[in-house]
Amino acid sequence: MPKTFYVTTPLYYVNAAPHIGHSYTEIAADCLARYHRLKGETVFLLTGTDEHGQKIEQAAAASGQPPQLFVDGVVARFKELWTLLNISYDDFLRTTEPRHVRVVQACLSRLQQEHKLHHATYQGWYCTPDETFWTNQELAELAVAGTVSTSCPTCQRPLEAVSEEGWYLPLENHRLWLQHFLATHPTFVRPETRYNEIASLVNRPLPEYLCITRPRQRVGWGIPVPFSEGHVTYVWFDALLNYISAVGYDVYEQRFAGPWPADVHFIGKDILRHHAVYWPIVLHALGVSNEQMPRLIFAHGWWKVGEQKMSKSLGNIVDPTVVINHVLKGQPFAADVYRYFLLREVPFGQDGSFSEEAILSRLSADLAHDLGNLVNRTLSMIERYCSGKIPEPHAVGCALDDEPLQQAAVGLAAQVEEAMTRLEFSAALERIMRVVTQANRYIEVVGPWRLAKQPEQAPRLRTALSLLAEVMRVMAILLEPFMPSVAQAMWQQLGCGSRPRRLQDTARWHQLPVGQPIGPHPVLFPQVVAEVSG
Ligand code: ME8
């Protein structure tokens, strides 16, 4: 049986409501999951929330609520947003769920029983917003002109000096293994620049240990450490294990009941070190073999607002719900416009800049002017000239015009596949939109409205409209991972109802039954389309 394609997102902290950054990772993961389903594969898309730790405890205290009640409220907001964005997750894991807590505690116990943990007191620096520990050695390596900073090297916020007794996982012990693993798995981390970053990190000594516990008197909100009453689990050790706890990892048997290993872990570049260094080391310490390691960690770029970093203090956090309900007000497929913008605007892996102008301009140019116009014109002409039924093609006509468009449409899936294999969502969309533009140009050149005035051109007219309907069919399949509701609407407008859409059908021609009545076809992207000619 072929392996289930297993895709994950990070588990988002629930200290505040979701924003554009969270939605970006989620939409990318959903797009890939949908694409593999379209290919006929079985897919498992895992997402969820990271609910323990000091930062959440502080946020709950600030809101005057007990932590569990507080996180329940924020989790509901994440779930609402995923529904609004049409995220097709198969599982939503919350780190406060017993099924996860059990696995975390079993992993800790096993490591302790196998003497893989050290018990000691450590000194160092803690960044609460990132829930990340920095050793003196790490800060010294990053010192500028001999001055060791006490700001977080990742987020620049002040670090807190800590000296705590706890349990440690040795990192340096696993470094040579990780170095070799990376060398023999050159695509373990993507994009390549991120791989190089990690490879060079493990070429130098790592901090000797990672502290995987926190004293209960300082951080009360965490998974109790089974062998040490005074400690809870470090939130990162707890959270990373979600990728195996959700798919039925049996710690003692070292068996995976579900779709492990993960085919893609989607993350932002901020949590690369946790995923590409700590996570494989945790798995290695647990006895997971090289063959059972995750296959790919993809660290995407960062969304800014204009040129600024998003932050509460600047008050510039982009709320996807506001963009969908207000900036894109009146759009029947606003959530899909938002998905399209995020996936198309920036090559996946690079940083992006959000602005209302940018999203409205994509809506107007790509969606209303190009795609919307193609769909609208094709169906209106089938309505007007072919009594609203898919016309029969004839072997007459000007092959010079028809053939290039047919070939571009039939060959499009292969081009999309090439881009999607490399997770180049923007390139995949760019290729799809190029054929949309080509089809619009075809309409201009062939001029069906001119043919309609000449009765002897009736076969030619029907051939042209049949070709355009077939192009639209291909689009209604290929756009599904990116804009699921728009693609579904296009499918229904073609009169295909609930018939399944399969990727393999895009390489075949004349798949629409001749005579099939088209459905009602309100414009897909109104307002803006009204300004467009054609
Ligand atoms: O780090 N641009 O959770 P988190 C792009 N709980 N992506 C962004 C972004 C931005 N401006 N801001 C956030 C955590 N993200 C941990 C993860 S996983 C076992 C534990 C996205 O709520 C991006 O994917 O801080 C980033 O990695 C993730 O949100 C961090 O979410």
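How many aromatic pairs does a search of the whole structure find? The search finds 22 aromatic pairs. The model is predicted, and the exercises below use it as it stands.

**Exercise 1. Classify the ring pair Y24 and W303, then place the pair in the fold.**

Step 1. A pair of aromatic rings is described by the distance of the centres and the angle of the planes.

Step 2. For Y24 and W303 the centres are 5.4 Å apart and the planes stand at 85°. Planes over 60 degrees apart count as edge-to-face, so this pair is edge-to-face.

Step 3. Y24 belongs to helix α1 (residues 20-38) and W303 to strand β15 (residues 303-305), so the pair ties together parts 279 residues apart in sequence.

Step 4. Are the two residues buried or exposed? Buried means under 20% relative accessible area. Y24, at 1%, counts as buried, and W303, at 5%, is buried as well.

**Exercise 2. Classify the ring pair W177 and F181.**

Step 1. The ring centres of W177 and F181 are 5.5 Å apart, with the planes at 25°. Planes under 30 degrees apart count as stacked, so this pair is stacked.

Step 2. W177 and F181 are four residues apart in helix α6 (residues 175-184), a separation of about one helical turn.

Step 3. W177 has a relative accessible area of 15% and is buried; F181, at 1%, counts as buried too.

**Exercise 3. List the aromatic cluster that contains Y24 and W303, and find charges over rings.**

Step 1. Y24, F266, F298, W303, F341, F348, F354 and F425 form one aromatic cluster.

Step 2. R218 lies over the face of Y126, 5.7 Å from the ring centre. R273 lies over the face of W134, at 4.1 Å from the ring centre.

**Exercise 4. Describe the surroundings of the ligand.**

Step 1. The ligand has 24 residues around it, of which L11, T25, D50, D270 and W303 come nearest.

Step 2. The side chain of T25 has an N or O atom 2.6 Å from an oxygen atom of the ligand. For the side chain of D270, the distance from an N or O atom to a ligand oxygen is 2.8 Å. W303 places a backbone N or O atom 2.8 Å from a nitrogen atom of the ligand.

Step 3. Taken alone, the ligand exposes 670 Å², and the protein buries 94% of that.

Step 4. Which element gives the most to the shell? Strand β1 does, with four residues. By class, the shell has 13 nonpolar, nine polar and two charged residues.

Note on methods. Residues are numbered from 1 along each chain as its sequence is written. This is a predicted model: local features need pLDDT of at least 70, side-chain atom pairs count only at pLDDT 80 or more; totals for chains, interfaces and linings use all residues. Side-chain values use heavy atoms; hydrogens and water are left out. Rings of Phe, Tyr and Trp (its six-membered ring) pair if their centres lie within 6.5 Å; planes under 30 degrees apart count as stacked, over 60 as edge-to-face and the rest as tilted. Helices (H or I, at least four residues) and strands (E, at least two) are DSSP runs, numbered from the N terminus. Buried means under 20% relative accessible area, exposed over 50%, partly exposed in between (1.4 Å probe, protein chains only). A charge sits over a ring if NZ of Lys or CZ of Arg is within 6 Å of the ring centre and within 35 degrees of the ring normal. A residue is near a molecule or strand if one of its heavy atoms lies within 4 Å of it. A polar contact is a pair of N or O atoms within 3.5 Å; within protein, one must be able to donate a hydrogen and the other to accept it, and residues adjacent in sequence count only if both atoms are side-chain atoms. Accessible areas come from the Shrake-Rupley method with a 1.4 Å probe; for residues, only the protein chains shown count as cover. Ala, Val, Leu, Ile, Met, Phe, Trp, Tyr, Cys and Pro count as nonpolar, Asp, Glu, Lys and Arg as charged, and the others, Gly among them, as polar.
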